[in-house]
Amino acid sequence: VLVDVLVTSRDGWVVIAPVGDLDLAAAPQVRGEAVRQVTDGNSHLVLDLSGVEFVDSTGLGVVVAAAKRARSAGGDVRLCGVSGPVAKVFEVVGLERIFEVFDDVAAAVAG
Amino acid sequence: MSDDEARRTADVVLDLPARPEFLAMARQVVAAAAALEPTFRDERIEDLRLAVSEATTNAVEAHAHLGSDERIKIRCNLADDRIEVQVLDQGGGFEPDETSEPPEPTDPDRLLWERGLGLPLMRELADESEIHSTDGGTTVRLVVYTPRRSWGL
């Protein structure tokens, strides 16, 4: 296992928190968890990236894939814990403009 | 600066299996090599770390499509004014010009785009980037200059 993925639920939102680098090695596991949750009827997802210190375009693809599936199922993906180098990548590709980014899980769930 | 100093370079070469679990190691080694140059700011090392991750991911994927078990070489050339990283694979190669750009972030279609960000990111983050692709493999060359060079010009 290359990345730990912690899954919790809070106020009707399922919180997926990968811990480690979000790259090609970790992508299948995190993507799989998001897809599984939406398939199980949990389409309101929080991706908590506070345990992620590195993300590249493959990792961003996971975020986009999760959002696509959640939104097509009538839900949404909210992001939190985006800081440091991860925030820089979001900024460079402009993803922060199509995702709501919150400080922490509590803020994300509260909306 | 003397001529001797200007010509002082060092090579670090990494030879890795073309598998995703070795990406983190590639990033760590290149970042550690860049950190040997004290004038590199952390932000530029992060840029290089990301650009190398993109290039190496492409290399791993080029091999995955072939189903082969070739290896990837990463060559860092450290000079006092820049670091140059070459990522060499023996995968099938691709034509960079045929790789389309993702839609603008404000375009709703952007959400459907899960791939294809790697090349634009490399171009954005490195001071120079060059992709040479043939049937026998692809070489990606990335250069990041130290502030000394940027300020001097």
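Biologist: Why does B:Thr56 count as buried?

Modeller: Its relative accessibility is 2%. The word buried is used for anything under 20%, so at 2% B:Thr56 earns the name. Keep in mind that this is a predicted model.

Biologist: Where in chain B does B:Thr56 lie, and what is B:Thr56 in contact with, leaving aside its neighbours within four places in sequence?

Modeller: B:Thr56 is part of helix α3 of chain B. With those neighbours left out, its contacts are B:Leu23, B:Ala26, B:Ile72, B:Ile74 and B:Val87. Calling them contacts says that heavy atoms come within 4.5 Å.

Biologist: Let's move along the helix. What makes B:His63 buried?

Modeller: B:His63 sits in α3 too, which covers residues 42-66 of chain B. The relative accessible area of B:His63 is 0%. Since the limit for buried is under 20%, B:His63 is therefore buried.

Biologist: How do you know that the side chain of B:His63 and the backbone nitrogen of B:Gln90 are close enough for a polar contact?

Modeller: The distance between them is 3.2 Å. A polar contact needs N or O atoms within 3.5 Å, one able to donate a hydrogen and the other to accept it, so 3.2 Å falls within that distance limit.

Biologist: How far is B:His63 from B:Gly92 in space and along the chain?

Modeller: Their C-alpha atoms are separated by 7.2 Å, while the two residues are 29 residues apart along the chain.

Biologist: And what is B:Gly136 in contact with, apart from its neighbours within four places in sequence?

Modeller: B:Gly136 touches B:Asp89, B:Gln90 and B:Gly91. You can find B:Gly136 in the loop between β4 (128-134) and β5 (137-145) of chain B. From B:Glu43, B:Gly136 is 34 Å away, C-alpha to C-alpha, with their positions 93 residues apart in sequence.

Biologist: Now for the two chains together. What makes the pair B:Arg27 and A:Asp23 a salt bridge?

Modeller: Their side chains meet at 2.9 Å, N to O. The rule asks for a side-chain nitrogen of Lys or Arg within 4 Å of a carboxyl oxygen of Asp or Glu, so this Arg and Asp pair qualifies. Chain B and chain A have three salt bridges between them.

Biologist: Which elements of chain B give two or more residues to the side that touches chain A?

Modeller: They are α2 (23-35), α3 and α4 (118-125) of chain B. The largest share, 10 residues, comes from α3(B). Sorted by class, that side of chain B has 12 nonpolar, four polar and 11 charged residues.

Biologist: How many residues are in contact across the interface, and how much area is buried?

Modeller: 27 residues of chain B are in contact with 29 residues of chain A. The two chains bury about 2,100 Å² between them, and 64% of it is on carbon and sulfur atoms.

Biologist: To finish, how many helices and strands does chain B have, and what pattern do they follow?

Modeller: Chain B has five helices and five strands. Along the sequence, the pattern runs α-β-α-α-β-β-α-β-β-α. Of the 153 residues in chain B, 46% are buried, and B:Thr56 is among the buried ones.

Conventions. Residues are numbered from 1 along each chain as its sequence is written. Chains are lettered from A and ligands numbered from 1 in the order in which they are written. This is a predicted model: local features need pLDDT of at least 70, side-chain atom pairs count only at pLDDT 80 or more; totals for chains, interfaces and linings use all residues. Side-chain values use heavy atoms; hydrogens and water are left out. Buried means under 20% relative accessible area, exposed over 50%, partly exposed in between (1.4 Å probe, protein chains only). Buried area is the accessible area (1.4 Å probe) that two parts lose on being put together, summed over both. Ala, Val, Leu, Ile, Met, Phe, Trp, Tyr, Cys and Pro count as nonpolar, Asp, Glu, Lys and Arg as charged, and the others, Gly among them, as polar.
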